[in-house]
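I opened the model today to look a few things up. My notes follow in the order in which I checked them.

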Amino acid sequence: MLHTKAHIKRLISRALEKLVSQNILPESALEREIHIGEPKFKDHGDLSTSLCLQMAKEARSNPRQLAQRLVDAMELPDSMLASVEIAGPGFINFRLSDKALHDGLRRIVRAGDGWGRFESRGVKVNLEFVSANPTGPLHIGHGRGAAVGDALARIMRAAGYDVTTEYYLNDAGRQVRLLTESLWARYTEVVREQYPEIEVAALPEDGYQGAYVTDMARDFARQYGPDMARSGSPDRDLLRAFALRWATDMIMSTLSDMNVKFDVVYSEKKLHDDGKVAHALSVLRERGLLYEQDGAVYFRSTEFGDEKDRVVIRSTGEHTYFASDIAYHLDKLERGFDVLIDIWGADHHGYVPRVKAALEALGHDPDRFQVLLVQFVSLVRAGEKVSMGKRSGNFVTLQDLMDTVGGDVARWFFISKTHDVALDFDLEKGMSEDPRENPARYAQYGHARAASILRRWSEDLGRSLPDPDGVDLSRLELPEEQELIKMMMRLPEVVKSSAEKRNPHVVAAYLVDMVRLFQSYYTQYKNDPVLPRASSDPASWNWAKSEARIVWVNAFRTVTRNALTLLGLPAPDYMKAPENESDETPNEKN
RNA sequence: GGGCGUAUAGCUCAGUUGGAUAGAGCGUCGGCCUCCGGAGCCGAAGGCCGCAGGUUCGAAUCCUGCUACGCCCA
């Protein structure tokens with residue numbers, strides 16, 4: 001549809017130029033951006049513009065009259081347009097010709113997997129998300145960030161951005177020391193089951209209580225044996241490295257169940273070891289933006305719009321997380337990224353101004369740093385919110401959730417709504433228990449259905465996929481068929497809009513709308529099927545119509561698959577009926 | 001007290017960047033399986049777009065002020 005919109009814009013701007021040269025319109029008419037929209041009502045045509053309503057004042061004319069002059073000045077008839085009408089207060093409505101639809105359909109088939117993908121625009125984007133501390137299991141809020149981030153990466157890549165996804169691993173701070181001590185304590189407990197005489201190390205006061213630390217300790221004991229515990233002297237480097245690797249593996253495995261992977265895992269420790277933190281602070285110091293007070297070192301972030309100055313080095317000599325974050329974001333820019341996008345939980349929103357302040361202080365445009373704040377996810381059980389504090393005992397991990405409902409269902413749930421609205425996940429209704437209420441399955445089902453038709457065409461009837469250039473597409477006469485073509489033609493601009501809004505739910509909403517059109521067609525025209533019935537006589541069958549419809553079904557399948565892929569969801573060719581399966585999630589790769 | 005976000009059908013949410021008559025799903029009610037996959041489809045009921053002003057040809061959308069909820073910071 002971008003293609004046809006551009007075509008209409010050219011027609012209009014040529015007409016405007018003509019009117020300006022005849023002194024009917026002022027020069028300023030050429031500067032206005034021409035916006036072509038899709039009207040809500042079908043009787044208003046396929047595309048429309050309110051340009052004349054907007055221009056009426058400066059043109060000193062009433063909108064309808066202006067519209068009439070504009071239409072008269074357009075080079076019509078045009079092969080892409082079946083009609084051009086002036087309507088209402090001064091809208092110009094365009095109806096697409098059959099040729100425009102057929103060209104569009106052919107373009108989709110020709111593009112295949114490339115439909116909805118744009119040429120590179122040469123913009124390097126760093127997209128950082130999740131970045132949870134490697135000290136325990138992910139919670140459900142992390143899941144939302146992960147799903148949104150991964151889908152956004154796919155969509156922005158399709159829109160032509162050069163995207164690198166990144167996980168910032170906080171492996172340097174106090175939390176990791178605590179995890180190390182917690183592992184040591186649990187390890188001694190585990191070993192004491194065999195060697196009752198040894199002394200158990202106490203769990204630190206703020207240590208990690210979760211049962212997973214004991215699992216970790218058992219793995220440690222299995223790998224390194226009981227000697228360290230028996231000796232009573234911990235090898236902290238070894239324990240730390242083991243704990244980090246174990247926790248990171250656990251996190252990545254959970255993410256992988258949701259089909260989320262990262263291009264880069266960036267270590268905070270390495271940031272320090274490579275001197276990046278010292279580097280960033282020295283740049284700030286050179287610029288006179290650091291000062292000392294009560295033994296701590298402050299950054300003058302108030303000079304850049306923050307509400308108060310922030311500590312970068314504590315009186316103990318330790319760097320704050322903020323100091324690492326400054327260095328990290330500076331490093332991203334120095335690695336050549338044009339745009340930095342971070343996905344954070346909404347509770348961190350207060351952190352945004354200080355990071356922007358730091359980047360500005362370091363001489364960069366703060367608008368290159370963008371933060372997507374993702375609102376909270378709460379769990380609901382029996383109509384009541386479930387408290388999810390780690391201490392409350394009914395902490396539900398992301399892994400638990402996916403084990404219950406399946407990775408792609410969880411993923412769909414997270415991206416199907418805009419990120420700036422709080423979500424309730426109802427455990428009791430549980431999307432897995434009634435897949436009919438599940439739009440992800442609905443979309444996949446549409447794909448499987450189309451795949452099934454194509455399969456019967458090639459396998460049962462022994463025919464090959466027709467070349468769209470050799471098929472008479474005018475056999476697609478039903479209004480539903482034409483509506484679906486227009487819908488499919490919209491994918492590229494949906495991708496563009498979703499990427500620009502930084503919001504994957506745009507693609508999700510589009511996908512469901514498109515599949516609904518197909519399902520509606522499918523059920524309504526069961527007595528006028530795509531394929532010949534077994535009972536019918538092949539000689540009397542309208543093969544030309546079947547061929548046109550097969551091209552159309554194939555295009556639908558392609559566009560559906562492309563949209564599912566953009567969201568990181570599988571596009572299965574077969575799906576099992578839910579009645580026969582308990583809660584197993586189909587996960588076929590096409 | 002300051003800041004960020006949200007407010008649209010009984011419930012969960014869309015709303016193409018200010019356009020024409022407000023859109024889905026779930027739930028409710030009523031229909032559709034000799035038929036390419038019923039995980040489906042068709043129809044009906046359901047609305048003061050939180051409230052009050054403002055901007056203009058035109059507002060769910062933009063501006064101001066309230067109210068309620070969530071979250072940050074004091």
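I began with the elements that line RNA strand B in this predicted model. Helix 2 (51-59), strand 3 (91-96), helix 16 (439-460) and helix 19 (505-524) each give at least two residues to the surface near the RNA. Which element supplies the largest share? I found that helix 16 does, with eight residues.

Next I took the whole surround. I count 54 residues around RNA strand B. His35, Asn93, Thr418, Arg449 and Lys576 are the closest. Sorted by class, the surface near the strand holds 20 charged, 18 nonpolar and 16 polar residues.

Which part of the RNA faces the protein, I asked, sugar and phosphate or bases? Of the RNA atoms within 4 Å of the protein, 57% belong to sugar or phosphate, and the rest belong to bases.

I then noted single contacts with RNA strand B. The side chain of Tyr442 has an N or O atom 2.6 Å from a phosphate oxygen. His349 puts a polar side-chain atom 2.9 Å from a base nitrogen. Leu531 uses its backbone instead: an N or O atom there lies 2.8 Å from a base oxygen.

I moved on to helix 17. Why is helix 17 (residues 479-489) largely enclosed by the rest of the structure? Eight of its eleven residues are buried, so the surroundings enclose most of helix 17. I listed the buried ones as Glu480, Glu481, Leu484, Ile485, Lys486, Met487, Met488 and Met489. Their packing partners are helix 1 (2-21), helix 4 (98-111), helix 18 (491-501), helix 19 and helix 20 (543-566). Helix 19 I had already met at the RNA surface.

Sheet check. I traced an open sheet of five strands in the order 6-5-4-10-11, with parallel pairing. Strand 6 (264-267) and strand 11 (369-374) are the edges, each pairing on one side only. On average, neighbouring strands in this sheet are turned by 25° against each other, direction ignored. Strand 10 (residues 339-345) pairs with strand 11 in the parallel sense over six bridges. I see Trp344 opposite Leu373 of strand 11.

Last entry: Pro137. I located Pro137 in the loop between strand 4 (124-128) and helix 5 (140-158). Is Pro137 buried or partly exposed? I put Pro137 down as partly exposed, because its relative accessible area is 21% and buried means under 20%. I also checked Pro137 against Thr397: their C-alpha atoms are separated by 6.4 Å, though the two are 260 residues apart along the chain.

Technical notes
Residues are numbered from 1 along each chain as its sequence is written. Chains are lettered from A and ligands numbered from 1 in the order in which they are written. This is a predicted model: local features need pLDDT of at least 70, side-chain atom pairs count only at pLDDT 80 or more; totals for chains, interfaces and linings use all residues. Side-chain values use heavy atoms; hydrogens and water are left out. A residue is near a molecule or strand if one of its heavy atoms lies within 4 Å of it. A polar contact is a pair of N or O atoms within 3.5 Å; within protein, one must be able to donate a hydrogen and the other to accept it, and residues adjacent in sequence count only if both atoms are side-chain atoms. Helices (H or I, at least four residues) and strands (E, at least two) are DSSP runs, numbered from the N terminus. Ala, Val, Leu, Ile, Met, Phe, Trp, Tyr, Cys and Pro count as nonpolar, Asp, Glu, Lys and Arg as charged, and the others, Gly among them, as polar. Buried means under 20% relative accessible area, exposed over 50%, partly exposed in between (1.4 Å probe, protein chains only). Contact means heavy atoms within 4.5 Å. Two strands pair if DSSP finds at least two bridges between them. Axes are lines fitted to C-alpha atoms, for helices over the stretch in contact, and angles run from 0 to 180 degrees between N-to-C directions.
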